Amino acid sequence: APPTGLASLPPGSPLDVYFDLEGYPLVEGGLEYLFGAATEGGGEPDFVDWWAHDAVEERRALEAFVAFVEARRRRDPTMHVHHYAPYEKTALRKLMGRYGVCEDAVDGWLRDGVLVDLYGVVRQGLRVGSASYSIKALEGLWGRGRKGDVKSGGDSIVAYHSYLASGEPRDWRASPILAGIRAYNRED
């Protein structure tokens, strides 16, 4: 039988990526507007992000994220992209189909097991005193709480909706709302 729980985790690589997407479902076809990736740094994780406020930028963000991972895979073919729950894998499939780009890379990731769903690992490997295995429910196990106004995926949708109505700039460095969403994504 294949390993389950914590035993199903692949060996770690210093080039592993921890990936989280923020999506906005309230436009036709949805919009994956923030691709966030954390990598090992010297103590604190390094964080890289790609933003998309329309379809052209969404395609560019997908291509940039895939190029980022592929560059790391060329340096270490044993690296993995970790995510929590199936949203990221589903969104990558949807986007490569929508734009007709990155198919070979993403198909290769799916075939080679590059995408590692940590939700399944946690559900099979830990018993917790919570009805939910969401990241937010599990944070209490290690004494962490959320800082900032955006504390959940639902909050990020509401915040992005507020951003769209605000007239704030498209750059998170000049938009307090986007900066809050970015802080939430980085924490995830």
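The questions and answers below go through a predicted model of one chain.

Residues are numbered from 1 along each chain as its sequence is written. In this predicted model local features need pLDDT of at least 70, side-chain atom pairs count only at pLDDT 80 or more, totals for chains, interfaces and linings use all residues, and side-chain values use heavy atoms, with hydrogens and water left out.

Biologist: What pattern do the helices and strands follow along the sequence?

Modeller: Helices (H or I, at least four residues) and strands (E, at least two) are DSSP runs, numbered from the N terminus. The chain has seven helices and five strands. Read along the sequence, the pattern is β-β-β-α-β-α-α-β-α-α-α-α.

Biologist: What percentage of the residues of the chain count as buried?

Modeller: Buried means under 20% relative accessible area, exposed over 50%, and partly exposed in between, with a 1.4 Å probe and protein chains only. The chain has 188 residues, and the buried part is 42%.

Biologist: Which helix gives the most to the largest nonpolar core?

Modeller: A nonpolar core is a set of buried Ala, Val, Leu, Ile, Met, Phe, Trp, Tyr and Cys residues joined through side-chain atoms within 4.5 Å. The largest one has 28 residues, and Phe35, Phe65, Val81 and Trp109 have the most contacts inside it. At least two residues each come from strand E1 (17-24), strand E2 (31-39), helix H1 (55-75), helix H2 (87-99) and helix H3 (103-112). With six residues, the helix that gives the most is H1.

Biologist: Which residues does Val81 touch, not counting those up to four places away in sequence?

Modeller: Contact means heavy atoms within 4.5 Å. By that rule, Val81 touches Val17, Phe19, Phe65, Val69, Val114, Leu115 and Val116.

Biologist: How do the residues of the contact of H1 with H2 divide into nonpolar, polar and charged?

Modeller: The axes of H1 and H2 come within 11 Å and cross at roughly 120 degrees; axes are lines fitted to C-alpha atoms, for helices over the stretch in contact, and angles run from 0 to 180 degrees between N-to-C directions. H1 brings Ala55, Glu58, Arg59, Leu62 and Phe65, and H2 brings Leu92, Leu95, Met96, Arg98 and Tyr99. Ala, Val, Leu, Ile, Met, Phe, Trp, Tyr, Cys and Pro count as nonpolar, Asp, Glu, Lys and Arg as charged, and the others, Gly among them, as polar. The division is seven nonpolar, no polar and three charged.

Biologist: Why is H1 described as it is relative to H3?

Modeller: The axes of H1 and H3 come within 10 Å and cross at roughly 55 degrees. Angles under 35 degrees count as roughly parallel, over 145 as roughly antiparallel, 65 to 115 as roughly perpendicular and the rest as oblique. The crossing angle therefore makes H1, relative to H3, oblique.

Biologist: Is Arg170 buried, exposed or partly exposed?

Modeller: Arg170 sits in the loop between helix H6 (153-166) and helix H7 (176-187). Beyond its neighbours within four places in sequence, Arg170 is in contact with His53, Asp54, Glu57, Tyr163 and Leu178. Its relative accessibility is 43%, so Arg170 counts as partly exposed.

Biologist: What is the phi of Cys102?

Modeller: Most residues other than glycine have a negative phi. Cys102 is in the loop between H2 and H3, and at 18% relative accessibility Cys102 counts as buried. Its phi is positive, in a residue other than glycine, and near 65 degrees.
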